[in-house]
Amino acid sequence: VAKNLGRSNVQVFHPAMLQATHERFTILEELRQAIPAGQLRVHYQPLVSLQTSTIIGAEALVRWNHPDRGLLYPDYFIGIAEESGLVVDIGEWMIKAVAAQLGDWTEVLEDRDFAVRINLSAAESRAPGLADLIDRTLAEHAVPAERFIVEITETSLMTDPEASSANLLGLRKLGVGVEIDDFGTGYSSISYLRKLPAQAVKMDSSLIQDIVSDPRQLKFVAAVLQLIEAAGLLSVAEGIETADQARLLTRMGCDYGQGYFFGRPAEASVMAGLIGKGLPSLRV
Ligand code: C2E
Ligand code: MG
Ligand code: MG
Ligand code: MG
């Protein structure tokens, strides 16, 4: 192929690029095996109500326990999974794993308000039968739909608005929640915010990061929070790492918070401990 492109294009085949392509191919092949081989894991990160200082749920985050490379994070493989369509299989695995976990937690949860969020990729959000799959899987483990929430980005919603709206509507009918993820990173439209088929908006950590040191950023986040409230939606702040950030967001009326300050993503057993005992550092 290089020959056909002519001499001036030879540098296209830089060894580093070739290696990168080869590596992506290897990752993809290994990832295909990862599901049947039982190498995927779910980590759970707590979400807290900033106003009442209680745990109100968790986000389920996929991990890949690679036989040679150890525990791998989604940044390493979700992009490749998305390009190949494999992300839909990973999503199906996540739905089943989380439903089974919620089933196991029935006693721990008692009648507490607690819902687990899972991330939907664009391909999943428009996949036919998504609501049916979630409905069947929750029923199989006797999990109420109210314990299950899907997170979707605006960008995903935009790739096929009709198909994804139909799916989200189907989920809403079941009682499954819908939340907008990574708000503030894509092309957010103010008028669209009011029409979103969602109950909550998660402000991306990039919005939260500098609120303590930058008064203008703080004012901006306050305005975003008012906008979310005016749209009739609940607000969630992602990436809260310090007590000062938590305090400011609580004072501004942000409903929920998530971040290393409250707890890092961890194995299900850690989450179960938090549900039972609560977070020691919760008062902000
Ligand atoms: P996300 O949905 O926005 O998830 C939040 C990410 O922020 C997680 O990264 C979480 O570990 C990290 N995080 C939480 N608190 C803090 C904090 O205080 N500081 C900092 N710096 N980071 C914090 P993670 O687990 O690496 O996941 C990255 C992204 O991968 C997720 O972003 C989501 O878009 C995607 N992802 C994760 N699990 C799945 C999945 O099962 N399916 C799909 N389609 N995507 C997933
Ligand atoms: Mg998320
Ligand atoms: Mg996010
Ligand atoms: Mg993200």
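1. Donors here are N, O and S atoms within 2.8 Å of the metal (3.2 Å for Na, K and Ca), and since water is not among the atoms, sites may look incomplete. With that in mind, the magnesium ion (ligand 3) has Asp181 (OD), Asp182 (OD) and Glu238 (OE, listed twice) as its protein donors, at 2.0 to 2.5 Å.

2. Before going on: this is a predicted model, where local features need pLDDT of at least 70, side-chain atom pairs count only at pLDDT 80 or more, and totals for chains, interfaces and linings use all residues. Residues are numbered from 1 along each chain as its sequence is written, chains are lettered from A and ligands numbered from 1 in the order written, and side-chain values use heavy atoms, leaving out hydrogens and water.

3. Back at the metal, the donor spacing reads D-D-x55-E. Asp182 sits in strand 6 (177-183) and Glu238 in the loop between strand 8 (234-237) and helix 12 (243-251), so this pair ties together parts 56 residues apart in sequence. (Helices, H or I of at least four residues, and strands, E of at least two, are DSSP runs numbered from the N terminus.)

4. Glu238 is buried at 11% relative accessibility, while Asp182 is partly exposed at 26%. Buried means under 20% relative accessible area, exposed over 50%, and partly exposed in between (1.4 Å probe, protein chains only).

5. Look next at Asp181: it coordinates both the magnesium ion (ligand 3) and the magnesium ion (ligand 2), which are 4.1 Å apart.

6. Finally, Arg264 lies over the face of Tyr260, 3.9 Å from the ring centre; the cut-offs are NZ of Lys or CZ of Arg within 6 Å of the ring centre and within 35 degrees of the ring normal.
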